[in-house]
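Thanks for making the time this morning. I would like to walk you through one model, beginning with the chain as a whole and then moving to a few places in it that may be worth a look on your own screens.

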Amino acid sequence: MKYCGIDLHGNNSVVVISDDTDHVLYSRRHRNDLAGIVQALEPHRQELKGVVVESTFNWYWLVDGLRAAGHNVRLANTVAIQQYDGLKHRGDESDARHLAHLLRLGLLPEGHIMPQAERAIRDIARKRMQLVQQRTSQILSIESSLSRHTGARMSSNSIKLLDAEAVQKLALDAMPTLGLNTHVAVMQTLQTQIDILEKTLKQHCVAQPQYKLLKTTVGVGDVLATIILLETGDVTRFADVGNYASYCRCVGSEHLSNGKKKGAGNTKNGNRYLAWAFVEAANFAVRYSEPARRFYQRKKAQRNSTVAIKAVAHKLARACYHIMKDNKPFSVDKCFA
């Protein structure tokens, strides 16, 4: 059998094919052209056990294209792969060779390849989050400018209602007025695009039973239910609830030896969007749910507020796993018993 590893970059890819003894049969740098890479793999197609592609920022086109060409494609979880630190030389060719080596040994840490259609709508949810962050930046800039020039404070909700006419009524000098109008215009444009994305996301998610069930969870509303649903994908891909909680970055990450901590684990291994969503849900749950608040207070008394919120997030992640897997609504008594 033969094994292929591809070290993917922004404008080129290093393709390495090795055999059962890790002997390199093919090694070449290609520009990022799907036809050229497929052509390079064609003479080895019948014997190729699989093709490993790095999970980089731009893997979609290559993974989708190779799968469409009939190849068995694996997505390498790059943050979970470490080469021997004592290597004297390491480069793109050795990285690609290492991917093929891990595939041959059956030790490749893999990332999930979400179906293309589901991935596209998930990316819309991520784009919405990005635009919300940019809108928040504009709101904070407006708040800061008003504080500097008027000495007064304005709530975020009031700032969201500002327009050019309202800014003019503040009777500021020409330059501060121009600056505020710029921020307001950008904020309004962002809000328009956010509304468009939210409408699309709602149309997609509202028809799915799991979306409605997720909203029965304390602290989870429309936005968080959308993120949890789309970022999770097919929940059956997780072997058990512990794997899902780990994927959501809701479990501890440390190395122990003889009962003593010897270092931290890989805290970046997992889905940062789900990690954010469950922490947000935990904060809302503690605010509006008495059982969640009591659980939080107990954990806070034992450690601190940060650990306590993470403990609530862990509980909610486990609950949402069972909700999506069993298609049953949330039970606050079972969650915070």
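Of the 337 residues in the protein chain, 40% are buried, where buried means under 20% relative accessible area, exposed means over 50%, and partly exposed is what lies in between, with a 1.4 Å probe and protein chains only. Please keep in mind that this is a predicted model, in which local features need pLDDT of at least 70 and side-chain atom pairs count only at pLDDT 80 or more, while totals for chains, interfaces and linings use all residues. Residues are numbered from 1 along each chain as its sequence is written, and side-chain values use heavy atoms, with hydrogens and water left out.

Staying with the whole chain, the C-alpha atoms fill a box of roughly 75 × 55 × 45 Å, taken along the principal axes. The chain has 14 helices and eight strands, these being DSSP runs numbered from the N terminus, with H or I and at least four residues for a helix, and E and at least two for a strand. If we take contacts, meaning heavy atoms within 4.5 Å, between residues at least 6 apart in sequence, then 59% of them join residues at least 24 apart. The chain exposes about 18,600 Å², of which carbon and sulfur atoms supply 50%; these areas come from the Shrake-Rupley method with a 1.4 Å probe, and for residues only the protein chains shown count as cover.

As for charge, there are 46 positive and 31 negative side chains, and the centres of the two sets lie 7 Å apart. Here Lys and Arg count as positive and Asp and Glu as negative, while His and the chain ends are not counted, and the place of a charge is taken as NZ of Lys, CZ of Arg, CG of Asp or CD of Glu.

Now to the helices, and to α4 before the others. Its 35 residues should span 51 Å at 1.5 Å a residue, and its end C-alpha atoms are indeed 51 Å apart, the expected span being 1.5 Å times one less than the number of residues. After α4 comes Gly151, with a positive phi near 75°. Within helix α4 sits Ile139, which is buried because its relative accessible area is 5%. Leaving aside neighbours within four places in sequence, Ile139 is in contact with Ser156, Ile159, Lys160 and Met187.

That last partner, Met187, is one of the buried residues of α7, a list that also includes Leu180, Val184, Leu190 and Leu197. Which helices do the buried residues of α7 pack against? They pack against α4, α5, α6, α8 and α9. Helix α7 covers residues 174-205, and its 32 residues should span 46 Å, which agrees with the 46 Å between its end C-alpha atoms. In α5 you will find Asn157, which at 57% relative accessible area is exposed.

Next, a place near the start of the numbering. His9 lies in the loop between β1 and β2 and is partly exposed, with a relative accessible area of 25%. Not counting residues up to four places away in sequence, His9 touches Arg29, Asn32, Asn58 and Asp92. His9 and Asn32 are 23 residues apart in sequence, and their C-alpha atoms are 8.2 Å apart in space.

Let me turn to backbone angles. Most residues other than glycine have a negative phi. Arg249, in the loop between α10 and β7, nevertheless has a positive phi of about 60°, and at 24% relative accessibility Arg249 counts as partly exposed. Asn327, in the loop between α13 and α14, likewise has a positive phi, near 55°, and is partly exposed at 46%.

Finally, the cysteines. How many disulfides does the structure hold? There are zero, a disulfide being a pair of cysteine sulfur atoms within 2.5 Å. For Cys335, the closest cysteine sulfur is that of Cys320, at 8.3 Å, which is too far for a bond. Cys335 is buried, with a relative accessible area of 6%, and Cys4 is also buried, at 0%.
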